[in-house]
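Biologist: I'm new to this one and would like to go through it with you. Could you show me the structure, and then I'll ask how you arrive at each label?

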Amino acid sequence: MNKSSGYITRILVLLAVFYTQAIIAQNTGSISGTILDRNTQKPIAGASVLVISTTIGTSSDSIGRFRITGIPAGSYTLQLSFLGYAGKNINNVVITSGNENNLTIELEPSGKELSEVLVTGKKASARATSLESPLSIQRLTTEEIKANPGGNFDISRVIQSLPGVGGGAGGGGFRNDIIIRGGAPSENVFYLDGIEVPLINHFGTQGSGGGPQGILNVSFIEEVKLSSSAFDARYDNALSSVFQFKQKNGNPNRLQGNVRLSATELAATLDGPLSPKTSFLVSARRSYLQLLFQLIDLPIRPNYWDFQFKTTTRINNKTTLQVLGIGAIDEFRFAAPKEATPEKLYAVNSSPLINQWNYTVGASIKRLTNRGFWNLAISRNTLNNKADKYLDNEEPSETTRTFLINSRETENKLRFDQTVNVDKWKFTYGASAQYAQFSNDFFQQFRPELRDEQGTLIQPAVELRSDNALNFLRYGAFIQSGRKILNDRLAISAGIRLDGNSAKNGVANPFKQFSPRISASYAISDQWNFSTSYGIYYRLPSYTQMAFEQLNTGQSNPGEYIRSSHMVAGFEWLPSSNTRFTLEGFYKRYGNYPVSILDGISLANKGTEFGAIGNEPIRQDGKGRVFGVEFFAQQKLSKRFFGVLSYTFFKTEFTGLNQEWIRASWDNRHLFSLTAGYKLKRNWEIGLKFRYQGAAPYTPFDLNASQLNYLTLGNGVFDFSRTNTLELPAFHASDLRVDKKWNYRRFTLDLYLDIQNWYNSKNPGVPQYTFRRTADNTAFQTTDGQPIQQNGSNAIPFILANNDGSLLPTIGFIVEF
């Protein structure tokens, strides 16, 4: 603690010295963008753009573009208005001398008079909903992500501060497992500019998606939209949430970039024009975590790279082409610690070695029509996942192998949708097809064969082996329509989606996955709205589950779609242009949920471990239910202050093989988050985040089975007859961030200090089963003083507490040029 405090003091002194010695000139920056009609995507010519608190402004040209130069560096609100459209305010637009922001802004048509439109527009900055999804919607801008304390520019970690979003069972772990309103981490889908991206985390768990570090580059992101219910019918495979990541377009006016360096990574981004009609963004990032962990003598050695690019080409006034790509290379290894402890030695053999790479590339064409527009997207994504585990991960050998994953999954996707506006009706319809290719070589020593000293069989071997390939077609179609009535006070939207596939154990008939949804929103007054929705949603099980076939028995798994129905209702209050409150109640039911035959529990309780889930015999007769209430308050940047507060109470249960309802592993009951920031003068900014997550349930160990199997498996064996009957302590932690920007003539320097868990709170996790070691940690103690038996009969069982907390200060800088 003293060392950490001294480190922080030196950092603060460095900040002060840097500030006092710098000679600051008043420098200016620019902003540009394109203004579009939200319904038709047509450019709006002549729209007014005003930088509030200044006399600076402009109007959009014939193709909807605008550019404002000579703006003094700082944070501003943009006000946009045009006759026949609801006005819009965009808060916290940061102007620097280094980079020029390029925004794409959509205005919503309105039948009101201009004076009324301007009044309505004052409320638009805080509003997040749409005609199709009038509730359960949250949005984050790029500045809110960058300035998030403890976020470390990781989008996957930042979104855990939104309402209803948990971060795994204990709450404070190092993984980015996204738990939405009590659902499993495998129930979310992610779209990047309309292209589905299956993985957004490094070292992702196959069949689930979580991992310890996000892949997406925050410098690319203009906005993140989270839908936790009332899903638009165009999105398939979502049970708990849809994430839409809207990327910026490259700067069409000049070449620019930024470099970010911290104790854990180096990242570089470039964007600019390739031609008068084409702009680009490109980035690369390299991790230095393995060097940091070596320095602090942790036995794990994670190493990753990631890459991202986007090009935007305006082919003509009606047609735009976008090409994008994202990829990652991950390697996870172990090294012997210099100073051995039971905790470090446990880590070496409890997790697998990982080699993983993945990518998504795609292209989309948007074409404007007389009454709307259509989109055509083609993409390909691949995940290559290899994981190995041995009796001793420091000395791997095929004869001591206990675990193997060698799989590759590829999806080739084609999507088409069209939006048509007829009078006051909005119709959207489309279809999708994808060809899935999956191969999987899997082995797990679930239980080793064990004999006593006389050779008597104590435990027969149980091994899972599958070497299979599965190639099939997935297809779907949807239609959605909506309109506003009663003088635009009542908005109604309804949609239908159908999905099917050609897998041998799948469901070919799409009408068996008939997925209706309906929503309504009523404006009680100019400030109050009441909204409600109902929908039935389906998700295909993981490829690992569908392809698993036990080699020695030929037993295969079912591939029915998992079903979830949502009922949500709530109020929204918009007391001012920058302030938003919501209160919602929700209820979800699940059917056809996969259940592990070996463990007897629902797969909804799995997904936060490394490797993969679904590689085991499965039944699909599980059920689930979640209900809760959610409160959200947001203050957009106003008079230098901004903040977000959320609280969720929920209860989530699933059934196992015995069809009894039990608490899910993420049934924390209470989620609370507070994030606040203040912009001081001279480009200083401070931020504070506090998170609380209620007591999570966990399953105790089967002490007899654990003692028999620990030396082979590297961890204990849970007693699933008592699933989630114990509780961890509640989790709470707080993060602090300080930023200081210096704007020079041609570049900007941003120096930041981010302190995660600044008051050094403990991080509750599931205890770890091991054997007691000797004083020098070179061997296990035994009851008879003899070498330890492989069946653990002379070992001394020991439960390791797993509640370490660490104060983690990070200093870094960003140079924009």
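Modeller: Let's start with Ser-283. Leaving aside neighbours within four places in sequence, Ser-283 is in contact with Asn-217, Phe-220, Ala-268, Thr-269, Asp-306, Phe-307 and Gln-308. Bear in mind that this is a predicted model.

Biologist: Why is Ser-283 called buried?

Modeller: Buried means under 20% relative accessible area. Ser-283 has 7%, so it counts as buried. You'll find Ser-283 in strand 19, residues 278-287.

Biologist: What makes the pair Ser-283 and Asn-217 a polar contact?

Modeller: The limit for the pair of N or O atoms is within 3.5 Å. The two side chains make their contact at 3.1 Å, which fits.

Biologist: And what makes Ile-329 partly exposed?

Modeller: Partly exposed is what sits between the 20% for buried and the 50% for exposed. Ile-329 has a relative accessible area of 45%, so partly exposed is the label. Ile-329 belongs to strand 21. Not counting residues up to four places away in sequence, Ile-329 touches Asn-303, Tyr-304, Trp-305, Phe-307, Gln-356 and Trp-357. Tyr-304 is 25 residues away in sequence, yet the C-alpha atoms are 5.5 Å apart.

Biologist: How do you know that Arg-139 and Glu-223 form a salt bridge?

Modeller: The rule asks for a side-chain nitrogen of Lys or Arg within 4 Å of a carboxyl oxygen of Asp or Glu. Here N to O is 2.9 Å, and the pair passes. Arg-139 is in strand 8 and Glu-223 in strand 15, so the bridge ties together parts 84 residues apart in sequence. By this rule the count comes to 43 salt bridges.

Biologist: What makes Lys-636 and Glu-144 a salt bridge?

Modeller: Their closest N and O atoms are 3.2 Å apart, again inside the 4 Å limit. Lys-636 lies in strand 34 and Glu-144 in helix 3, so parts 492 residues apart in sequence are tied together. Both Lys-636 and Glu-144 are buried.

Biologist: Why is helix 8 described as largely enclosed?

Modeller: 8 of its 11 residues are buried, so the rest of the structure largely encloses helix 8. Among the buried ones are Ala-705, Leu-708, Tyr-710 and Leu-713. At the start of helix 8, a side-chain oxygen of Asp-702 comes to within 3.3 Å of the backbone nitrogen of Asn-704. Just after the helix, Gly-714 has a positive phi of about 85°.

Biologist: Which elements do the buried residues of helix 6 pack against?

Modeller: Helix 8 is one of them, along with strand 21, strand 23, strand 43 and strand 44. Lys-344, Leu-345 and Tyr-346 are among the buried residues of helix 6.

Biologist: What makes Leu-414 fit a surface patch?

Modeller: Patch residues need over 30% relative accessible area. Leu-414 has 42%, so it clears that bar. Leu-414 is listed in a nonpolar patch that includes Leu-376, Phe-416 and Tyr-429, with about 810 Å² of accessible area together. Strand 23 and strand 24 each give two or more residues to the patch.

Biologist: How do you know how far to trust the model?

Modeller: pLDDT is the predictor's confidence, from 0 to 100. The chain's mean is 91, and 94% of residues reach 70 or more. Over residues 18-25, though, pLDDT stays under 50, and over residues 113-123 the value is below 50 too.

How values were computed
Residues numbered from 1 in each chain as written. Predicted model: local features only at pLDDT ≥ 70, side-chain atom pairs only at ≥ 80, totals over all residues. Heavy atoms only, no water. Patch = residues over 30% accessible without salt bridge, like charges linked within 9 Å, V, L, I, M, F, W, Y side chains within 5 Å. Areas by Shrake-Rupley, 256 points an atom, 1.4 Å probe, with all protein chains shown as cover. Helix = DSSP H or I, 4+ residues; strand = E, 2+ residues; numbered from the N terminus. Buried < 20%, exposed > 50% of the residue type's maximum accessible area, 1.4 Å probe, protein only. Contact = heavy atoms within 4.5 Å. Polar contact = N/O pair within 3.5 Å; in protein donor to acceptor, adjacent residues only side chain to side chain.
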